[in-house]
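User: Hey, I've just opened this one and I'm new to it. Can you walk me through a few parts?

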Amino acid sequence: MPHSKVVTTERLWWKECNVYQIYPASFLDTNGDGIGDLRGIIEKLDYLQELGVYKSPQVDMGYDISDYKDIDPIYGTLKDADDLIAELGKRDMKLMMDLVVNHTSDQHPWFLESRSSRENPKRDWYFWKKGRVDEKGNQLPPTNWSRTLDTSKSAWEWDEKTGEYYLSIFSAGQPDLNWENTDVREAVHDIIRFWLDRGVRGYRMDVIDHISKDQSFQDAEQKIPGQYCQPGEAFFANGPRLTEYLQEIRKVLNEYDTITVGEMPFINDEDEIIRTVGLQGPLNMVFLFQLLNVDNQPGRTKWSYSEWDATDMKRIHERTQRLMIDRDGWNAIFCENHDSPRSLTRFGDDSDEWRDYAAKMLCTKHCTLGGTSYIYQGQELGMRNLPAHWQPSEYKDVESQSYWKFASAEFVNKHRKIEYARKMMELKARDHTRSPMQWDASPNAGFCKAGVQPWMRVNDDYPRINVRDQSESDHSVLAHWKNCLKLRSANKDVFIYGGFEILDPNNRDVVAYTRFSKHETWVTVTNFTGKHLLYSGIGDIEVEWVLGNYPLNVHKRGESLNLRPWEGIIGNEVIPN
């Protein structure tokens with residue numbers, strides 16, 4: 001078949017690794033307080049190595065940081081972090097940490113100084129503004145920007161002591177740093193060096209597209225009828241100095257051998273993406289959220305739903321895969337993280353009948369896409385969303401609780417809207433990926449000892465879905481992940497550095513594509529329905545099928561495929577003699 005462009009950029013270790021993201025609070029508790037800790041991560045490093053993870057883990061130490069050069073006592077000590085880095089090194093693995101520098105905690109010494117008086121030298125380390133007065137004499141925040149985690153509230157928080165507002169886009173306890181201030185940037189660079197000198201080898205940069213703000217501080221467009229506060233990302237994300245700030249960080253990183261990925265939820269322009277991750281770009285890759293937003297209603301928040309099918313998914317993969325190959329960028333491949341629901345529930349079928357098949361099908365697609373692979377804890381088991389019968393009070397996340405509080409007040413006596421809000425929480429709340437890791441069928445799923453109250457309730461299905469049981473089966477979701485990652489690693493020319501071409505783009509049920517090097521072609525076919533399908537979308541390519549989530553003996557070379565529900569298969573094109 002005709003081959004289009006393959007990857008021509010340099011081959012580097014961070015392109016070939018598999019990143020396993022850990023949410024420490026929910027991974028493994030070793031000290032009996034019901035909260036996961038760094039010692040728990042150390043205890044499970046052999047499990048991660050056996051899975052096929054060559055870089056692990058991404059440590060989320062919390063998003064309201066009060067000390068950038070220490071470990072929250074909940075998770076352990078600096079010595080625990082050093083021990084983790086050392087133990088990873090013994091296994092030829094590396095530590096990638098979260099870098100949260102758009103904002104700090106309101107308990108951080110920087111902010112406590114900034115808040116102490118208008119004359120304090122650190123006052124300008126954050127955004128402080130006077131309010132304004134409307135025609136009725138009411139005091140209003142400096143702009144109408146809303147919080148990202150609760151669009152009903154202002155992004156500006158009033159400070160009684162100094163009589164001004166400070167900018168806090170995420171929550172009142174997370175004031176935004178003012179990156180216009182050179183001292184702030186130098187302090188951040190010092191933090192980056194501090195952890196790299198201890199042996200950290202990369203960063204996930206949290207909401208890094210927020211660090212440059214439009215300094216005009218204009219009001220946002222009215223998108224939500226009937227309320228003052230409006231989404232202000234047009235002014236607080238992807239600001240005019242973003243590339244400049246990231247290039248300054250790159251100069252620091254160039255002193256070390258690192259992997260970097262930016263969480264940039266508002267980056268969509270292709271030129272801007274390539275400026276960030278192209279050959280001269282400051283970051284290795286960014287998380288692009290088109291796939292995770294595929295079921296959002298256009299122009300609405302995540303708390304909405306729009307029907308999607310395989311054509312939508314193929315369009316997204318076609319754009320992101322080809323963009324990076326054609327313009328010398330690099331992709332981060334992921335379909336869930338600590339800010340999303342479980343991909344199995346969202347994109348597959350998490351019923352007892354089809355859970356295994358759908359989870360393996362999603363794995364099949366994930367492992368054959370081009371880019372650096374990111375796996376979120378529990379994804380390799382086919383963990384699913386929290387049960388529908390759980391009450392909203394079981395949800396711990398501030399975003400979920402803010403949404404439910406707003407919905408309960410706004411939709412009182414509107415039964416259908418309340419039920420819709422409940423459905424949105426069941427489908428999209430961040431809590432679904434934050435429930436404790438399911439290690440075995442013992443009480444608390446082995447996450448913490450029996451009799452200890454875990455910080456968050458364990459999903460009810462842990463007696464049937466856990467690491468121990470799946471480790472003992474050659475046909476489990478976990479076993480399929482290991483097989484797919486081995487196939488990916490053994491065929492780097494194709495699956496990591498190869499070209500990409502969508503097959504049958506208008507088919508609404510099947511996502512199929514080829515990956516190819518200069519010498520061979522592989523085909524991936526994934527059925528995104530619970531139906532049996534007769535599929536001829538691969539055309540006249542003759543394929544030897546080598547890996548799938550069903551027995552492969554029903555698929556013959558050169559014939560139409562009798563796809564079973566949620567089937568995913570990978571095959572190698574047979575070249576005639």
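User: Which residue in S16 is the bridge partner of Ala512?
Analyst: That's Val525. This is a predicted model, where local features need pLDDT of at least 70 and side-chain atom pairs count only at pLDDT 80 or more, while totals for chains, interfaces and linings use all residues. Residues are numbered from 1 along each chain as its sequence is written, and side-chain values use heavy atoms, with hydrogens and water left out.

User: How many bridges pair S15 and S16?
Analyst: Seven, in the antiparallel sense, between S15 (residues 510–516) and S16 (residues 521–527). Strands are DSSP runs of E, at least two residues, numbered from the N terminus, and two of them pair if DSSP finds at least two bridges between them.

User: What order do the strands of that sheet have?
Analyst: The open sheet has five strands, ordered S14-S15-S16-S20-S18, with antiparallel pairing. S14 (499–503) and S18 (543–548) are the edge strands, each pairing on one side only.

User: Switching topic: how many disulfides are there?
Analyst: Zero, counting a disulfide as a pair of cysteine sulfur atoms within 2.5 Å.

User: Why does Cys17 have no bond?
Analyst: Because the closest cysteine sulfur, in Cys367, is 13 Å from the sulfur of Cys17, which is too far.

User: And Cys335, is it buried or exposed?
Analyst: Cys335 is buried, at 9% relative accessibility; buried means under 20% relative accessible area, exposed over 50%, and partly exposed in between, with a 1.4 Å probe and protein chains only. The closest cysteine sulfur to that of Cys335 is in Cys363, 9.5 Å away and too far for a bond.

Conventions:
Helices (H or I, at least four residues) and strands (E, at least two) are DSSP runs, numbered from the N terminus.
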